[in-house]
Amino acid sequence: MCGLAGIWSNNILKTDDIKISLNKMSKSIKHRGPDSQGIWVDGSCGLGFAHQRLSIIDLSDAGNQPMVSNSGRYVLAFNGEIYNHMDLRYSIRKKNIDFSWRGSSDTETLLACIELFGLKETLNLCAGMFAFALWDKEEKTLFLVRDRFGEKPLYFGNFINNNYGDSNGIHSSLFFASEISAIKEVLDSTLEINTKALEGFLDFGYIPSNMSIFKGINQLPPGFLLGIKSSKNGFCPSSILKPIKWWNFAKPDQPNMYKHKNNENNLLQNLENKLIKSVVQQSVADVKLASFLSGGIDSSLITTLLSNNLSRKVNSFTITFPDDSDNFNEGPIASQTAKILNTNHTEVPITDSDVQELIPNLSSIYSEPFADSSQVPTHLICREASKSGIKVALTGDGGDELFGGYNRHLMIPLILKYTSYMSYEVRQKISKGILLLPFSHNSLARNKVQKLSNALISKGNIVDLYESLVTKNESLLSQEILDLPNNRFFKSEYIRSLFNNLSDFDNLEKILMADINSYLPGDILTKVDRASMAVGFETRAPFLDHNVATFAFSLSSNYKIRRKNFSKITKWCLREILKKYLPENLTNGSKSGFAMPLGKW
């Protein structure tokens, strides 16, 4: 887990000039990798990489980056982890390939596989989270690559007339980095706000994962690869190809699960086995490791599987709110779970004064607008774990998106089912009536009630229902703030694009896929990456192993949300697995995470 940055200019620059700029970029993201810094420059083509390393696998200098392949053909600046890299090394040995290893890092494994099997085949073989820049000296081509779900960030932008070269002509450079702050360090021009991105922020609370808050700086979308071939003078803007999707989340065939009970048990066991394999792979580290335990189903299951499959005692951390007696303090539940699992458990208490102290630093941590309030406790738990000597933690992120854990996963199918025959007038009356019902007076509850009311008076199709439930109520203000016309298109076009090419999926699966392609990378993974890397701390999400995700979508929706008596149970299959290890009172709770009593404060 690290930070990377790079420059590629169409002017043949002095090596020292490139290094000066790379040093500036690198220093701005030192928090992502405080253990070592590396710079590689090829002045003949105006290209340079910078890397800040957080040493997790192979703590020796043999794991430092940027790294050059054995043959010298490839140069790599890599951010992330390849969890199955030892399996890949075994595959190389099994093919009787005589390969000389310098160390035991996953970066070296990745480079070796690219050299032996090619980039695209290697990507398909890798299980992990990553964003990287790869220079192919032979083909004179730069590749920018991002992992399947967008766990690791990668920003890039092409700017004309920047700091480089002389003043005798127009020149341009490509900049890329793990965070926007690195690109800003070396631009002499004032960046303009991207109004579409700002509109997206006001609508959803985060910047959509293919753009940034600034014009000219984009994010490489999750699961995409961008190739740029060199011209005679080095970088050429016209040679930037359209990013291609190297991984498609196709719907797998679903087994016939209704023949007999044993088949259901087998499917649950298969899911558990895949989760165990993912947890075990992601627990490999040459540093101290922990698990974040919120008290909810996802983190409890990951902590349980880690505790049962690790040869040493697990360290667990949870957030508590000692001055809150409402629904936010999950410390007691997490503590019960930790006691049963016999973990080294640490509670991190948070008060309103802790939050007030952190808030002024949030803009520097996130580099662009981000409105998920759980960024605060997430950062604080990472900070406290880091202070205790931990460098890696496993999380439950991705469980909701894969197995149906959000309210909208319950509500949209229900609304579609029961309102399809209602007139608009009837739905309008029900919508108004919902607002009159008593509810908890914290801001979270009010927000959910308002969204449900809005959903009932939407057009009644899945796209409009989803839009009404994921859009912030305050988004109407964006017309005034941005001076936009009434017929805004961005929000609706963006939501509609999430449901393209999903004809093979049922309604619940369509909603899950929309979340996986928007909310997961834009909000959840952005939050966790920036909150943890701000203190040089790595988080890993076993649910987001692509084998687990593919298997999750091979299961019918009945395995995710199941009716029991007059209620419906979310994440049913995960709860069933957890029942094998924990008492039922710890497996039947509602969704929880590192939320905080913001409304009360």
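These are short questions and answers on helix and strand packing in a predicted model.

Reader: Why is α14 called oblique to α20?
Author: Helix α14 (residues 407-419) and helix α20 (residues 507-517) pack at an angle of about 140°. Angles over 145 degrees count as roughly antiparallel, and 65 to 115 as roughly perpendicular. The value falls in neither range, so α14 is oblique to α20. The two axes lie 9 Å apart.

Reader: What is the hand of the crossing of α14 and α20?
Author: The crossing is right-handed.

Reader: Which residues of α14 meet α20?
Author: On α14 they are Arg408, His409, Ile412, Pro413 and Leu416. On α20 they meet Asn507, Leu508, Ile511, Leu512 and Asp515. Contact here means heavy atoms within 4.5 Å.

Reader: What kinds of residue make up the contact of α14 with α20?
Author: Six are nonpolar, two are polar and two are charged. Arg and Asp count as charged, and Arg408 and Asp515 are both in the contact. Leu, Ile and Pro count as nonpolar.

Reader: What makes β15 and β17 edge strands?
Author: Each pairs on one side only. The open sheet has five strands in the order β15-β14-β13-β16-β17. Its pairing is parallel. β15 covers 344-349, and β17 covers 538-540. From one strand to the next, the twist averages 30°.

Reader: How do you know that β13 and β16 pair?
Author: Pairing needs at least two bridges. Strand β13 (residues 289-292) and strand β16 (residues 392-394) have three, so they pair. Their sense is parallel. Ala290 stands opposite Ala393 in β16.

Reader: Which helices pack on the sheet or lie across its strands?
Author: Helix α9 (residues 331-341) packs on the sheet and touches β14 (315-320) and β15. Its direction makes about 170° with that of β15. Over 145 degrees counts as roughly antiparallel, so α9 is roughly antiparallel to β15. Helix α12 (residues 375-387) lies across β13, β14, β15 and β17. It runs at about 140° to β14. That value is not over 145 and lies outside 65 to 115, so α12 is oblique to β14.

Reader: What makes β8 a partner of both β9 and β10?
Author: Six bridges link strand β8 (residues 155-160) to strand β9 (residues 172-177), in the antiparallel sense. Three bridges join β8 to strand β10 (residues 217-219), also antiparallel. The cut-off is at least two bridges, so β8 pairs with each.

Reader: Which residues stand opposite each other there?
Author: Phe159 stands opposite Ser173 in β9. Tyr155 has Gln219 as its bridge partner in β10.

Definitions and conventions: Residues are numbered from 1 along each chain as its sequence is written. This is a predicted model: local features need pLDDT of at least 70, side-chain atom pairs count only at pLDDT 80 or more; totals for chains, interfaces and linings use all residues. Side-chain values use heavy atoms; hydrogens and water are left out. Axes are lines fitted to C-alpha atoms, for helices over the stretch in contact, and angles run from 0 to 180 degrees between N-to-C directions. Helices (H or I, at least four residues) and strands (E, at least two) are DSSP runs, numbered from the N terminus. Angles under 35 degrees count as roughly parallel, over 145 as roughly antiparallel, 65 to 115 as roughly perpendicular and the rest as oblique. A crossing is left-handed if the near helix is turned anticlockwise from the far one by less than a right angle, and right-handed if clockwise.
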